[in-house]
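Reader: I'd like a close look at one part of this model, starting from a single residue in a strand and working outwards. Could you walk me through what surrounds that residue, and then carry on to the rest?

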Amino acid sequence: MSAAIRAVGVTKRFANLVAVDDLHLEIPAGSAFGLIGPNGAGKSTTFAMLATLLAPTAGTIEVAGHDPVTSPRDVRRHLGYMPDVMGVYDNLRVDEYLEFFAASYGIDRGAWPGLIDGLLELVDLGSKREAMVDSLSRGMKQRLSLARSLVHDPEVLVLDEPASGLDPRARVELRSLLAELRAMGKTVVISSHILAELEEMCTHVAILEMGRLMAAGTPAEIFDGLAGGREVEVRLAGGEAVASPSATRPSRWSWCDVW
């Protein structure tokens, strides 16, 4: 696969804080790529640099073959960005919210009705077309933010912790929607602080810790690399200790403990 996103030696400093430290990353086109790490690992800073909102202190980035620093407009035409917190525009209906962004991207006004109908159907918000944006639930706002990032039909989607704060049912719906987007040929890059949350939907993952890349590969490769040589001892009350063979794969709950 060709690379939809490539970062070479990317560093971002804020005064004495190094938020991203010498990041080398390649995201294949058409993949579902998960960026994993605890709060403060540098995920949101990395995404902001991909989305042209921050310039790296050092290193280079390419998004769909364009540099976010020297060619920000080209990057924005190819990339849809969903931040971790959606800015709510007061006194706008859902359809007006999407119309605003359609106008911002220079989409012909005659195409708005069909475009907005399609987006609302895709994110299952058709019944909320005339609802006020600030009246939506958290999950609905997340889906509307995703629809907004798709207004200009980008080939690359960068979604910053879209599952944060969602209930279990909303998370399942989000996973199904992201799978549908990837089936449409889009490259989906998504962040989370829990690997198990992204394992089933991602073809590739990378782990960040304190701004540095700790591991990258397929989910199976990451699990296998972290499980090597591990033994688990279980002692039951009144019984003998039993040591298991070396694990070939860590359990899901152990990943939740890590992050």
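Author: Let's start with isoleucine 61, keeping in mind that this is a predicted model. Isoleucine 61 has a relative accessible area of 6%, and because anything under 20% counts as buried, that is what we call it. Its home is strand β4, which covers residues 58-63. A partner from far back in the chain sits across from here: valine 10 is 51 residues away in sequence, yet the two C-alpha atoms are 7.4 Å apart in space.

What sheet does β4 belong to? It is part of an open sheet of three strands, ordered β2-β1-β4, with antiparallel pairing. β2 and β4 stand at the edges with a single partner strand each, so each of them has one side without a neighbour in the sheet. On average, neighbouring strands here are turned by 15° against each other, ignoring direction. As a general point, side chains in a regular strand alternate between the two faces of the sheet.

Now for the other half of that sheet. Strand β1 (residues 3-14) and strand β2 (residues 17-28) run antiparallel and are joined by eight bridges. Two of the pairings are handy for finding your way along the ladder: alanine 7 has leucine 25 as its bridge partner in β2, and phenylalanine 14 is matched with leucine 17 in β2. The two strands make a hairpin with two residues between them, and in that turn alanine 15 has a positive phi of about 55°. Phenylalanine 14 also has company on its ring: lysine 12 lies over the face, 5.3 Å from the ring centre.

If you leave β4 and carry on along the chain, you come to alanine 64, which lies in the loop between β4 and α2 (72-78). Alanine 64 has a positive phi too, about 55°, although it is not a glycine. For background, most residues other than glycine have a negative phi. Another case is aspartate 153, a residue other than glycine with a positive phi near 55°. You'll find aspartate 153 in the loop between α5 (138-149) and β6. At 56% relative accessibility, aspartate 153 is classed as exposed, because the cut-off is over 50%.

That loop leads us into the other sheet. This one is open and has six strands in the order β5-β6-β7-β3-β8-β9, with mixed pairing. The edge positions go to β5 (79-82) and β9 (212-217); each has a single partner strand, so one side of each is left without a neighbour in the sheet. The average turn between neighbouring strands in this sheet is 15°, direction ignored. One pairing to look at is β6 (residues 156-159) with β7 (residues 187-192): these strands run parallel, with four bridges between them. Within that pair, leucine 157 stands opposite valine 188 in β7.

Next, the helices. Helix α3 (residues 94-104) packs against helix α4 (residues 112-122) at an angle of about 120°, and their axes are 10 Å apart. That angle makes α3 and α4 oblique to each other, and α3 passes α4 in a right-handed crossing. Over in α4 you'll find glycine 118, which is partly exposed because its relative accessible area is 35%. Glycine 118 also has a contact across the chain to follow up: alanine 147 is 29 residues away in sequence, with the C-alpha atoms 9.5 Å apart.

Last, the rings. How many aromatic pairs are there? The count comes to two. In one of them, the rings of phenylalanine 100 and phenylalanine 101 have centres 5.1 Å apart and planes at 90°, so this pair is edge-to-face. Through ring pairs, Tyr97, Phe100 and Phe101 are linked into a cluster. The two phenylalanines are not equally covered: phenylalanine 100 is partly exposed, with a relative accessible area of 41%, whereas phenylalanine 101 is buried at 14%. Phenylalanine 101 has a charge over its ring as well, since arginine 148 lies over the face at 5.3 Å from the ring centre.

Methods:
Residues are numbered from 1 along each chain as its sequence is written. This is a predicted model: local features need pLDDT of at least 70, side-chain atom pairs count only at pLDDT 80 or more; totals for chains, interfaces and linings use all residues. Side-chain values use heavy atoms; hydrogens and water are left out. Two strands pair if DSSP finds at least two bridges between them. Rings of Phe, Tyr and Trp (its six-membered ring) pair if their centres lie within 6.5 Å; planes under 30 degrees apart count as stacked, over 60 as edge-to-face and the rest as tilted. Buried means under 20% relative accessible area, exposed over 50%, partly exposed in between (1.4 Å probe, protein chains only). A charge sits over a ring if NZ of Lys or CZ of Arg is within 6 Å of the ring centre and within 35 degrees of the ring normal. Axes are lines fitted to C-alpha atoms, for helices over the stretch in contact, and angles run from 0 to 180 degrees between N-to-C directions. Angles under 35 degrees count as roughly parallel, over 145 as roughly antiparallel, 65 to 115 as roughly perpendicular and the rest as oblique. A crossing is left-handed if the near helix is turned anticlockwise from the far one by less than a right angle, and right-handed if clockwise.
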